Every structure is written in C-alpha cells, then in structure tokens.
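Open the model in your viewer and keep the selection tool at hand. Each stop below says what to select and what is there.

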Amino acid sequence: IIPDEVKRSPEQYIEIGEIRTSEVDMTSPVFFKNVFIYKKFRKLDSPENPPIKAPARKQLIPGSYASTNLAVQVLIEKYLYHMPLDRQEKRFSRYNLDISKQTMCDWLGHIARKLVPVYNQILKDLRTKQYLQMDETPVSYKDGERKQHKAKTGQLWLLNDPQGGVFYYWSHSRGNRVVSEILGEEWTGTLQHDAHSAYKTF
C-alpha cells in the first residue's frame with residue numbers, strides 16, 4: 001500500500017523498506033452448475049447402426065442434480081457440525097438455492113447405503129478386539145411405515161474400542177439379542193458395560 005503523497009509525486013521519494021501485516025479473510029460459498037454435453041455420432045459407412053456417445057458419468061446419487069461435493073457438504077454439516085436439514089435449507093435459500101430438507105434427506109439415504117461396506121468393516125474390525133465397551137441410549141422416533149403420530153422409544157447402541165473405532169447400531173429393542181447381533185456369537189473378550197441385564201445374559 002503506497003501513501004497518497006507518494007502516489008502524487010513519486011519522483012520525490014525513494015523506497016527504503018516495508019512493513020507487512022496480515023489478516024485471515026473469506027468469501028461466501030460459490031454455487032455453480034456444471035453442464036455435461038454428450039455428443040452423438042453416427043458412423044458414415046454404417047448409417048443403419050444406432051448412434052454412439054461417450055458413456056455417462058458416474059453419479060454419486062443417480063438421477064440427482066447433486067454433485068459429490070454438494071452432497072458431502074450436506075453430510076458434513078449435519079453429522080459433524082450438527083446442523084439440522086431445515087437450517088441448511090434456510091441457509092441455501094439465502095443464496096437463492098431451492099434445496100428442500102426432504103431432498104437432502106434423500107441424498108443422505110443414498111450416501112448411507114453407499115457407506116454400508118465401510119460400516120460393516122468397522123464392526124468386523126471391532127470384533128477382533130479383546131476389550132470393548134458397550135452402551136445403549138434411548139431415542140424417540142416415529143414409525144414412518146405405520147404413520148402413527150405418537151413417538152416410540154428405540155435404542156441407539158454403541159460399541160467402542162477405546163483405542164480405535166466406534167460402531168453405532170439402531171434397534172427397537174433393548175434386549176440381550178441385540179448384544180448378540182452386534183458382537184456375534186463367536187466373540188470372546190472383556191466387555192465393559194453398565195448393570196443392564198442384557199449384558200449379563202450375553
């Protein structure tokens with residue numbers, strides 16, 4: 001940054017040094033649309049054959065307008081920063097983007113299904129450990145299939161390796177069969193838990 005006096009009469013001054021300062025800045029999110037155009041071709045010597053084009057790009061969510069970056073951003077905001085989908089919907093609207101919470105919920109469902117192999121691998125790895133911790137937490141939920149207005153209570157189970165992975169398991173039950181479903185019939189080791197009878201039965 002050059003002083004105004006120097007700008008007005010640069011021939012009267014000589015630079016003898018500088019002072020540097022810095023600040024952290026940011027820009028608002030930038031949203032843009034990618035358009036992919038697939039050119040179609042017909043072979044000159046085989047006009048009777050169907051036209052050809054490059055294969056379609058693989059999409060994270062088939063048939064959706066969500067890019068991988070956008071869908072993963074929704075996932076991170078919800079599960080890492082605990083921002084509900086209705087608040088994300090309002091935030092998108094401030095950038096003139098009409099993305100409903102139902103649409104984002106559908107995206108999360110697709111992503112969750114794609115992550116099932118990772119989910120299963122976490123459990124597989126935990127079952128090789130000789131010392132694990134387990135607990136369950138009641139969670140209110142509504143049964144989407146029965147369309148009942150009254151909330152029920154389910155259980156979010158946790159299997160934890162203090163030195164590594166964490167596995168979450170949803171069940172309607174708090175019974176000992178769930179402990180068996182999570183740990184498997186073959187697991188042996190030390191399981192740290194509270195006084196809930198399901199663990200003792202297992």
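Select arginine 177 and glutamate 181: both sit in helix H6, four residues apart, or about one turn of the helix. The model is a predicted one. Show the two side chains, and a salt bridge appears between arginine 177 and glutamate 181, with the closest N and O atoms 2.7 Å apart. Is each partner buried, partly exposed or exposed? Arginine 177 has a relative accessible area of 45%, so it counts as partly exposed. Glutamate 181, at 35% relative accessibility, is also partly exposed.

**Other salt bridges**

The structure has four salt bridges. For another, select glutamate 77 and arginine 91, whose side chains meet at 3.7 Å, N to O. This pair ties together distant parts of the chain, with arginine 91 in helix H3 and glutamate 77 in helix H2, 14 residues apart. Glutamate 77 is buried, because its relative accessible area is 11%, under the 20% limit. Arginine 91 has 21% relative accessibility and therefore counts as partly exposed.

Next, go to glutamate 18 and arginine 20. Their salt bridge has its closest N and O atoms 2.9 Å apart. Glutamate 18 is exposed at 57% relative accessibility, and arginine 20 is exposed at 71%.

**The nonpolar cores**

Which residues have the most contacts inside the largest nonpolar core? Select Met134, Leu159, Ile182, Leu183 and Leu191; the core they belong to has 15 residues. Colour by element next: helix H5 (116–126), E1, E2, helix H6 (176–183) and H7 each give this core at least two residues. H6 supplies the largest share, four residues. In soluble globular proteins, nonpolar side chains tend to be buried together.

Now centre the view on leucine 183. Apart from its neighbours within four places in sequence, leucine 183 is in contact with Arg127, Leu132, Met134, Leu159, Leu191 and Phe202. Then move to a second, separate core, which has twelve residues, including Phe92, Ile99, Leu108 and Ile111.

**A buried serine**

Select serine 64, in the loop between helix H1 (4–8) and H2. Is serine 64 buried or exposed? Its relative accessibility is 14%, so serine 64 counts as buried. Show its surroundings: leaving aside neighbours within four places in sequence, serine 64 is in contact with Gln59 and Trp107.

**A nonpolar patch on the surface**

Switch to a surface display and select Val72, Ile76, Leu80 and Tyr81. These residues make a nonpolar surface patch of about 360 Å². One of them, isoleucine 76, is in helix H2 (residues 68–79). Isoleucine 76 has a relative accessible area of 32% and so counts as partly exposed.

**Two loops with positive phi**

Return to a backbone display and select histidine 82, in the loop between H2 and H3. Histidine 82 is not a glycine, yet its phi is positive, about 60 degrees. Histidine 82 is exposed, with a relative accessible area of 62%.

Then select asparagine 96, in the loop between H3 and helix H4 (101–114). What is the phi of asparagine 96? Phi here is near 60 degrees, a positive value in a residue other than glycine. Asparagine 96 is exposed, with a relative accessible area of 74%.

**The loop between E1 and E2**

Go to histidine 149, which lies in the loop between strand E1 (131–141) and strand E2 (152–160). Histidine 149 has 71% relative accessibility and therefore counts as exposed. Add tyrosine 95 to the selection and draw a C-alpha to C-alpha distance: the two residues are 34 Å apart in space and 54 residues apart in sequence.

**Confidence**

To finish, colour the model by pLDDT. The mean over the protein is 92, and 98% of its residues reach 70 or more. Which elements have the lowest and the highest mean pLDDT? Helix H7 (residues 197–201) has the lowest, 86, and helix H3 (residues 85–93) has the highest, 97.

Definitions and conventions
Residues numbered from 1 in each chain as written. Predicted model: local features only at pLDDT ≥ 70, side-chain atom pairs only at ≥ 80, totals over all residues. Heavy atoms only, no water. Patch = residues over 30% accessible without salt bridge, like charges linked within 9 Å, V, L, I, M, F, W, Y side chains within 5 Å. Areas by Shrake-Rupley, 256 points an atom, 1.4 Å probe, with all protein chains shown as cover. Buried < 20%, exposed > 50% of the residue type's maximum accessible area, 1.4 Å probe, protein only. pLDDT = per-residue confidence, 0-100. Core = buried A, V, L, I, M, F, W, Y, C linked by side-chain atoms within 4.5 Å. Contact = heavy atoms within 4.5 Å.
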